[in-house]
Amino acid sequence: MVQPVDLTDVKFQWRADQPVVLDIPAFSVGAGERVFVSGPSGSGKTTLLNLLGGVALPQTGSVSVGNLRLDKLSSSARDAFRADHIGFIFQSFNLVPYLPLIENALLPCRFSEIRASRAMERSGSVEKDARRLLARMGLDVDS
């Protein structure tokens, strides 16, 4: 389920002795809304995704996905949330090199019973759902 995203008064910097990388007074994306983020290398796109996925925490401000404040969760709670609800598709695929494409696509369901259950509901099996998603991205699993 797609959930709303809200960032309020977010400031992020990698280290205290470095400049602020992101300064976001307010940013909202409604449930089901789509957003395209673009900018030059080093502008903070990946940092923003890391904040939205709970990989990184802001120095100030709040990051909410749905009704959950990611900046208030423990590291392990953020990991569990990410496993169940967040997916990243990177420019460089970051695939496990010794696994076939379909196995890489199935990995999130091995880490999250919630993801596996959703896949089963959508497609009848986890593998069918992975193949559906890969086909939607124009990736042929069988070649």
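This report describes the fold of one protein chain, moving from its overall dimensions to its sheet and its helices.

**Overall architecture**

The model is predicted. The protein chain has 143 residues, of which 30% count as buried. Its secondary structure comes to five helices and four strands. Read from the N terminus, these elements follow the order β-β-α-β-β-α-α-α-α. The C-alpha atoms occupy a box of roughly 50 × 30 × 30 Å along the principal axes. Among contacts with a separation of 6 or more, 49% join residues 24 or more positions apart.

The surface exposed by the protein chain amounts to about 9500 Å², and carbon and sulfur atoms supply 55% of that area. The chain carries 16 positive and 15 negative side chains. The centres of these two sets lie 1 Å apart.

**The sheet**

The four strands form an open sheet in the order β2-β1-β3-β4, with antiparallel pairing. Strands β2 (22-29) and β4 (68-69) stand at the edges with a single partner strand each, so one side of each is left without a neighbour in the sheet.

The pairings within this sheet are set out below, each with its bridge count.

| Strand pair | Sense | Bridges |
|---|---|---|
| β1 and β2 | antiparallel | seven bridges |
| β1 and β3 | antiparallel | five bridges |
| β3 and β4 | antiparallel | two bridges |

Individual residues show how the strands are aligned. Between β1 and β2, the bridge partner of T8 is A26, a residue of β2. On the side of β3, L7 stands opposite V63. Strand β3 spans residues 60-65, and V65 has L68 of β4 as its bridge partner.

One backbone feature of the sheet deserves separate mention. D9 lies in strand β1. Its phi is near 55 degrees, a positive value in a residue other than glycine.

**Helix α1 and its packing on the sheet**

Helix α1, residues 45-52, lies across β1 (5-12), β2 and β3. It runs at about 120 degrees to β1. Which residues of α1 are buried? They are T47, L48, N50, L51 and L52. These buried residues pack against β1, β2 and β3. An α-helix has 3.6 residues a turn, so residues three or four places apart point the same way. Following α1 comes G54, whose phi is positive, near 75 degrees.

Two residues of this helix illustrate the packing in detail. T47 is found in helix α1, and with a relative accessible area of 7% it falls under the 20% limit, so it counts as buried. Apart from neighbours within four places in sequence, T47 is in contact with F12, W14, V21 and L22. The C-alpha atoms of T47 and Q13 are separated by 9.4 Å, although the two residues are 34 residues apart along the chain.

L48 also has its place in helix α1. Its relative accessible area is 11%, and because this lies under 20%, L48 is buried. What does L48 contact, leaving aside its neighbours within four places in sequence? The residues are L7, L22, I24 and V37. L22 therefore appears in the contact set of T47 and in that of L48, and under the heavy-atom criterion of 4.5 Å this means that L22 has atoms within that distance of each. For V37, which is eleven residues from L48 along the chain, the C-alpha atoms of the pair are separated by 9.5 Å. L7, another contact of L48, is the residue that stands opposite V63 in β3.

**The C-terminal helices**

Helix α3 covers residues 101-111, and its buried residues are I102, N104, L106 and C109. What covers these buried residues of α3? The cover includes α4 (113-123) and α5 (126-136). The buried residues of α1, by contrast, have β1, β2 and β3 as their packing partners.

**Summary**

The chain thus presents an open antiparallel sheet of four strands, with α1 lying across β1, β2 and β3. Further along, α3 has buried residues whose cover includes α4 and α5.

Conventions: Residues are numbered from 1 along each chain as its sequence is written. This is a predicted model: local features need pLDDT of at least 70, side-chain atom pairs count only at pLDDT 80 or more; totals for chains, interfaces and linings use all residues. Side-chain values use heavy atoms; hydrogens and water are left out. Two strands pair if DSSP finds at least two bridges between them. Axes are lines fitted to C-alpha atoms, for helices over the stretch in contact, and angles run from 0 to 180 degrees between N-to-C directions. Buried means under 20% relative accessible area, exposed over 50%, partly exposed in between (1.4 Å probe, protein chains only). Accessible areas come from the Shrake-Rupley method with a 1.4 Å probe; for residues, only the protein chains shown count as cover. Lys and Arg count as positive and Asp and Glu as negative; His and the chain ends are not counted. The place of a charge is taken as NZ of Lys, CZ of Arg, CG of Asp or CD of Glu.
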